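Please read this note next to the structure. The points are numbered so that you can reply to each in turn.

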Amino acid sequence: MADRNETFKNAFTRREFLHSGLVLASAAATIPAFLQSSALAMHESMRGLSSAAGIPEDRILVVVQLGGGNDGLNTVVPYGMPQYFKARPGIAIKENEALKLSKADGVGLHPQMGGLKSLYDEGMATIIQGVGYPNPNRSHFKSMDIWQTADTDATGDGWLGRYFDSECCGFGKGESGKREQAMKTASDAGGPPGIAIGRSAPLAMEGRQVKPVAFESPELFKWSGADIHRSLGAPYQQLTRRTDGTNGESNAAFLMRTSMDAQISSEMIRKAVELKPSVAYPGGQLSNQLSMVASMIRAGLKTRVYYVTHGSFDTHAGQGGAQGRHGQLLNQFAASVKSFYDDLKAQGNAERVLTLSFSEFGRRVAQNASQGTDHGTAAPMFLLGPMVKPGVFGDHPSLTDLDDGDLKFKIDFRSVYAGVLNDWLRADADKILDGSFKAVKLMKKA
Amino acid sequence: MPFLTRRSQPVSKSPAKPDAALPRVNTSLSALPTNKFGYEQARHLLWRAGFGGTPQQIQTLVGWGLEKSVDHLLNPGNTGEEPIRPDRFDSSIMRPANEEEKQAYRKAQKAQNEDLVAKFRKMKQEQERKDREQINDMQKWWLKKMIETPRPLEEKMTLFWHGHFATSYRTIENSFHMFKQNQLFRTHALGNFGDLLFGIIRDPAMLAYLNNNQSRKDHPNENLAREIMELFSLGVGRYTEKDIKEGARSLTGYTFKDDDFVFDRNNHDTAKKNILGKIGNSDGDDFVRIILGQRDCAQFMARKLYGFFVNDLPSLERQSDRDLDDGIGTVIHQIAATLLTQRYELKPTLKQILSSQHFYDPAFMGQQIKSPVQLLVGAVRSMTPPTRDLSILNDALDLMGQNLFFPPSVKGWEGGRAWINTSTLFVRQNILAFLLTGKKPVGYDATADTQKYDPMPLLAELEKADPGANSDPSRVTEYLLRLTTGSAPASARDPLVSFVNERGGHITPDLVTALLLLITATPEYQLC
């Protein structure tokens, strides 16, 4: 970090900094500090100060959250293990139904995941098997919080929020007091560091300093009052961009900051998502979300992390096998990410984008009495994009050596995060994850 | 343990403590002296123990004083509205197929009579479509009820219980069961928490939502037992995984047929269980009784009620009771003690909270983030614009993150700052613009609601107290700011006064509406 700081300081004069504009006011506790530092972080990302040969700059991470606990065993199917069929007489995927994966013996994808299979065949997918964490928690909320905070106590800020914080802190300390100028150039800003599509921002993106922008529908991402009467526009801007009372931890200060953030990001994002996608998408919620992300990438937003969510994967009853409810969810997932990468390829941006998918837990090995599965433990993760080392990573967890009917995890999810942080986002994973997790090496030529 | 080596000195990640100023808040639960109960306090009470009020209602409460005001909210007496009939909604839509129909379907399948199979499937789809329509009607019905009720605290507590015992239509797909559950919450809204807990383990919607109807003696489903302990009564860390397993066994056989609870004796595990150290042949009711006997249960509910009425607190997982500010921790502890001595009766507990000096401390007044329901219902009740199109209001609730009967998970709505992001902030501003003007935001079809809003009655109290003031731009602006947001800082007042003066300074209905449009778009308006 220190070296990059130096490089950075030399790379920019103050004039350049002001000219290239600033960034979002945010919900951070003090706006001025954030404005300064985040702008700098953004420039760093634009400059790509630390590069490895062959890896593109301006890298973007897209997180796909599969909510509700995706059944990993019916996603990446261990058809080579007879115990799988014994444990799941009503819902197992048959060997001849599973989509076989080259260079991977005994495991295949759910038959509804054709889209992901073709990404795999193109060398754009890594499947990491048996991902979990010690003493797994089976509560949706707790386990989701654990994944989002990268902490088994599930306390503190989100892991991506801490990444934003770590990128912005330590820069530009001598540059305070320039907020006014900075605000004037906000329309030149690159974009918020993190965008979540959905009703609310996930805990994963909540940092101490940096808060993500969240929105669901672009048309409603502005005030309608100025359309009702033109004269209202100016006083509205004055009232919603006030700078008094923005400091501190109170709800009132929080609202002041969010209000300002909303004004600045609104214009930028609405312009971006007006762009039509370059390919056809399958439709559905995840598909719409990813198509908007692709448009924002195409519009050149400097956003580093996008977050989308899919599913209700909580298949306690009637989850189905090759057909049925779980299959439909997987189909939407696989088809949507396939279209997303087709779109990015058509734009020429595919190499810049890494996609990571996770769920808060897998499900129990044996099916339950309702032709469904209950909350379990380890499950596979997917990393997608042209820059991943393609293939199946790690061994499938044993179906005989179980922990009270549950899979024993093989890889700690924080090791995957560490790999993404170090090798893709070029950040300091040890610092962000607050502990040392051996980073799994999943990127090409990293 | 692969790859796991923790640093010995982890960087502190404990949740932020509340403001340094907080230790100075008044932590007394004794009643506020009567002479301290003025306009601001009455306004605060109306917003927190209900959905806000008109200037006239605020003045009425000021005239009554604290005790009578709180008593009236808790015991509105016979308010004369029609009771809700149990057949207010259609119970037959999702009636399960009878044996005859099932047989006919199986026969059709077996004979590969595809036309007939398709016909059955279509009937089922039609059933589901009708039921979705009914849940939609029910959402609007409840929203209207909250807007019009003369018993605001009862409706507000019904909403509280809906968030507490969160059950989603999305999972159970039976609108009549959601209605029955809603009535359960309303009946006990200000009653006894124990009665609610006994009621919830007999509630078809909850039994279906948490799969207890699929729980078998030899295959207990742990979902209901887990959520009762984790989310409905004790909180994380106050029980073990074993307690959940044993609790799940005690709840076996608690199921329902059609719309009513049944106890399925054959599927009930009668063997001994050990739940939280209590050994016996417990059934589901014993399970509830054991929980109610825990001090942790009163503590958990005290914190929940406190968060709803007084001051947003992080969830228990984020910040344990031990980590709370000392003063606030003590207050919650005392509320728990009240719950225990009053055997979970809610009225005395709420009376204590709503009358207390702590509740009226300036640190909390105007600092709670309105839930979407609070925002909408409160806007109509306090500024009295036309209610306009309930479908649009209902859509807006969804966009703001509070789709009634569809809480996001069994954990309910997180509330507080989770309501607010850059997106919901715009929806909040825009739905207020719709209420005040009848004009829909872009993205909805263009037809406007033509009912004109007359904001002038809002100024009547100002004129009464200070004749002539309602033609003075700065007096009017200040008055409206205090009415709608509770305060009038210069940074909000000055641009508004300039706006009025630039428009000629005459206080016309259109100008007052314009002022309200601007005020309801301010950050402060999101608070109550």
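The points below go from the chain interface to domains, helices and strands.

1. Status of the model. This is a predicted model. Local features are discussed where pLDDT is at least 70. Totals for chains and interfaces use all residues.

2. The interface between the chains. How many residues of chain A are in contact with chain B? The count is 64 residues of chain A, against 61 residues of chain B. On the side of chain A that touches chain B, the elements that each supply at least two residues include the helices α6 (140-149), α9 (225-228), α10 (233-240) and α11 (251-273) of chain A. The strands β7 (213-215), β12 (411-412) and β13 (436-437) of chain A do so too. The most comes from α11(A), with ten residues. By class, this side of chain A has 24 nonpolar, 24 polar and 16 charged residues.

3. Domains of chain B. The domain assignment splits chain B into domain 1 (33-73), domain 2 (91-148), domain 3 (149-292), domain 4 (295-355), domain 5 (372-437) and domain 6 (456-526). Take domain 3 of chain B and domain 5 of chain B. Their centres, over C-alpha atoms, are 29 Å apart. Their contact uses eleven residues from domain 3 of chain B and nine residues from domain 5 of chain B. On the domain 3 side, α6 (152-164), α7 (169-172) and α11 (223-233) of chain B each give at least two residues. The largest share there, three residues, belongs to α6(B). That side of domain 3 of chain B divides into six nonpolar, three polar and two charged residues.

4. Helix α22 of chain B. Does its length come out as expected or not? Helix α22 (residues 490-502) of chain B has 13 residues, which at 1.5 Å a residue should span 18 Å. Its end C-alpha atoms are 18 Å apart, so the two values agree.

5. Burial along α22(B). Buried here are B:Ala492, B:Leu496, B:Val497, B:Phe499 and B:Val500. Why do they line one face of the helix? Because, seen down the axis of α22(B), the buried residues fall within an arc of 155 degrees. B:Ala490, B:Asn501 and B:Glu502 are exposed on the other side of α22(B). The cover over the buried residues of α22(B) includes α10 of chain A, along with α21 (473-485) and α23 (509-519) of chain B. Just after α22(B), B:Gly504 has a positive phi of about 105 degrees.

6. Helix α9 of chain B. In α9 (residues 193-200) of chain B, the buried residues are B:Phe193, B:Leu196, B:Leu197, B:Gly199 and B:Ile200. Down the axis of α9(B) they fall within an arc of 160 degrees, so they line one face of the helix.

7. A hairpin in chain B. Strands β2 (residues 254-257) and β3 (residues 260-263) of chain B pair in the antiparallel sense over four bridges. B:Lys257 has B:Asp260 in β3(B) as its bridge partner. Two residues lie between the strands of this hairpin, and B:Asp258 takes a positive phi near 50 degrees.

8. A sheet in chain A. Three strands of chain A form an open antiparallel sheet in the order β2-β4-β3. Its edge strands are β2 (76-77) and β3 (99-100) of chain A, each pairing on one side only. Two bridges join β2(A) to β4 (residues 108-109) of chain A, in the antiparallel sense. A:Val77 stands opposite A:Gly108 in β4(A).

Key: Residues are numbered from 1 along each chain as its sequence is written. Chains are lettered from A and ligands numbered from 1 in the order in which they are written. This is a predicted model: local features need pLDDT of at least 70, side-chain atom pairs count only at pLDDT 80 or more; totals for chains, interfaces and linings use all residues. Domain bounds come from an automatic or database domain assignment. Two residues are in contact if their C-beta atoms, placed from the backbone, lie within 7 Å. Ala, Val, Leu, Ile, Met, Phe, Trp, Tyr, Cys and Pro count as nonpolar, Asp, Glu, Lys and Arg as charged, and the others, Gly among them, as polar. Two strands pair if DSSP finds at least two bridges between them. The expected span of a helix is 1.5 Å times one less than its number of residues. A residue is buried if 20 or more other C-beta atoms lie within 10 Å of its own, exposed if 12 or fewer, and partly exposed in between; C-beta atoms are placed from the backbone. The arc is that of the directions from the helix axis to the C-beta atoms.
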